[in-house]
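Here is a set of questions about how structural labels are earned. Look at the model first, then follow each value to its label.

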Amino acid sequence: MMRGSNSVIGAVNFVTFLISIPILGGGIWLSSRANSTECLQFLQWPLIVIGITIMVISLMGFAGACYGLTWLMWLYLFVMFFVVVALIGFIVFAYAVTDRGHGEVIMNRAFLEYQLSDYSGWLKERVSDPVYWSKISSCLRDARACRGMAKYGTDPATGMRVPESPDMFYSRQLSPIESGCCKPPTSCGYAYANETFWNPSNAMLLTDTDCVKWSNDQRTLCYQCDSCKAGVIASIRHSWRKVSVINIVVLIILVIVYVIGCAAFRNNQRMDNSEPYGESRMTKARPSRYQF
């Protein structure tokens, strides 16, 4: 019976080791996006730490089951409990800070546009902080976040590749960062020249500060616009929601595995104490005889 319980605990820890892989993978994926597109480089670290911690304590629990180290199993169950709590906290936090905000539909445009006023809460304050935004905008510029904007079409008369027309551009699907950082807001009234070069027009609206901040300088564009900040927040929101779905599934499996591990460990403790399974260790005391 002891060997069977240890086998269960070993199998449970093997499962938790496998569970740590998608958590760690999600953190690494967020890290790759932080380095290349979103440039918000702290959100992925809690997930990476949780994934590595689950991986380490799973190996610890596996060793405790194989070598019969009770103290190691106690440590495993104790730490795993706090890992589950931390993962729940991370999921709740991720949904709380990405709860509000969405792109706006623009007439005769296939892409959405983003306004900073549509967002609120901690994430908006973090991204809007001048010092922090200076780092984010520099990262976007250095990562050449707008390099994918240029597209070409085919001239039906000559068959040669030509820059896309305004109608072709307006029918494209743009990422939140491309929409917010690589072109001026549609409401400004700039005239299309190419994807990242827009000419002033007589219908320009200058009451929006983003219209003034736009520059055709390819190192500037709209990186200082509020629409760019909103685009970054929208991109983060999309990424976090993807990872949170995986984390919820992993959390459910992790809780089930943890309960099974607790039950198997408790059964081991019962065997160590020579307690028959399903029977109480208490016995009815027989009355003693006193002689006077």
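Q: What counts as a strand here, and where is Ile106 found relative to the strands?
A: A strand is a DSSP run of E with at least two residues, numbered from the N terminus. Ile106 sits in the loop between β1 (104-105) and β2. The model is a predicted one.

Q: Why is Ile106 called buried?
A: Buried means under 20% relative accessible area. Ile106 has 19% relative accessibility, so Ile106 counts as buried.

Q: What does Ile106 touch, leaving out residues up to four places away in sequence?
A: Ile106 touches Glu113 and Thr186. Ile106 and Thr186 are 80 residues apart along the chain, yet their C-alpha atoms are separated by 8.0 Å.

Q: What makes Glu113 and Lys183 a salt bridge?
A: The rule asks for a side-chain nitrogen of Lys or Arg within 4 Å of a carboxyl oxygen of Asp or Glu. Here the N to O distance is 2.5 Å. That fits the rule, so the pair is a salt bridge.

Q: Why does the pair of Glu113 and Lys183 tie together parts apart in sequence?
A: Glu113 is in strand β2, while Lys183 is in the loop between α7 (176-181) and β5 (191-194). The parts joined are therefore 70 residues apart in sequence.

Q: Are Glu113 and Lys183 buried or exposed?
A: Set both against the cut-off of under 20%. Glu113 has 5% relative accessibility, so Glu113 counts as buried. Lys183 has a relative accessible area of 1%, so Lys183 is buried.

Q: How do you know that Asp142 and Arg219 form a salt bridge?
A: Their closest N and O atoms are 3.8 Å apart. The limit is 4 Å, so the pair passes. Asp142 lies in helix α5 and Arg219 in the loop between α8 (209-213) and α9 (226-272), so the pair links parts 77 residues apart in sequence.

Q: Is Asp142 buried or exposed?
A: Exposed means over 50% relative accessible area. Asp142 has 55%, so Asp142 is exposed.

Q: What makes Arg172 and Glu164 a salt bridge?
A: The closest N and O atoms are 2.6 Å apart. This is within 4 Å, so the label holds. Both Arg172 and Glu164 are buried.

Q: How many salt bridges does the rule give?
A: The count comes to 4.

Q: How do you know that the span of helix α2 agrees with what is expected?
A: Helix α2 (residues 45-67) has 23 residues. At 1.5 Å a residue, they should span 33 Å. The end C-alpha atoms are 33 Å apart, so the two agree. Buried residues of α2 include Leu47, Ile54 and Gly61.

Q: What span does helix α5 reach?
A: Helix α5 (residues 130-142) has 13 residues and reaches 18 Å from its first C-alpha to its last. That is close to the 18 Å expected. Among its buried residues are Tyr132, Trp133 and Leu140. After α5 comes Arg144, whose phi is positive, near 55 degrees.

Q: Which residues form the nonpolar patch on the surface?
A: They are Tyr67, Leu69, Trp71, Leu75, Phe78, Phe81, Phe82 and Val85. Together they have about 870 Å² of accessible area. Helix α3 (residues 70-97) gives the most, with 6 residues.

Q: Why is Phe81 called partly exposed?
A: Phe81 lies in helix α3. Partly exposed falls between the 20% and 50% cut-offs. Phe81 has 43% relative accessibility, so Phe81 counts as partly exposed.

Q: Why is Val84 called buried?
A: Val84 is also placed in helix α3. Its relative accessible area is 10%, so Val84 is buried. Beyond neighbours within four places, Val84 is in contact with Leu251, Leu254 and Val255. The C-alpha atoms of Val84 and Leu251 are separated by 7.2 Å, with their positions 167 residues apart along the chain.

Q: What is the predictor's confidence in the protein?
A: The average pLDDT is 80, and 85% of the residues score at least 70. Over residues 277-285 the pLDDT is below 50. Among the elements, helix α1 (residues 2-36) has the lowest mean, 72, and strand β2 (residues 112-113) the highest, 94.

Notes. Residues are numbered from 1 along each chain as its sequence is written. Side-chain values use heavy atoms; hydrogens and water are left out. Patches are made of residues with over 30% relative accessible area and no salt bridge: like charges are joined within 9 Å, nonpolar side chains (Val, Leu, Ile, Met, Phe, Trp, Tyr) within 5 Å. Accessible areas come from the Shrake-Rupley method with a 1.4 Å probe; for residues, only the protein chains shown count as cover. Helices (H or I, at least four residues) and strands (E, at least two) are DSSP runs, numbered from the N terminus. Buried means under 20% relative accessible area, exposed over 50%, partly exposed in between (1.4 Å probe, protein chains only). The expected span of a helix is 1.5 Å times one less than its number of residues. pLDDT is the predictor's confidence in each residue, from 0 to 100. Contact means heavy atoms within 4.5 Å.
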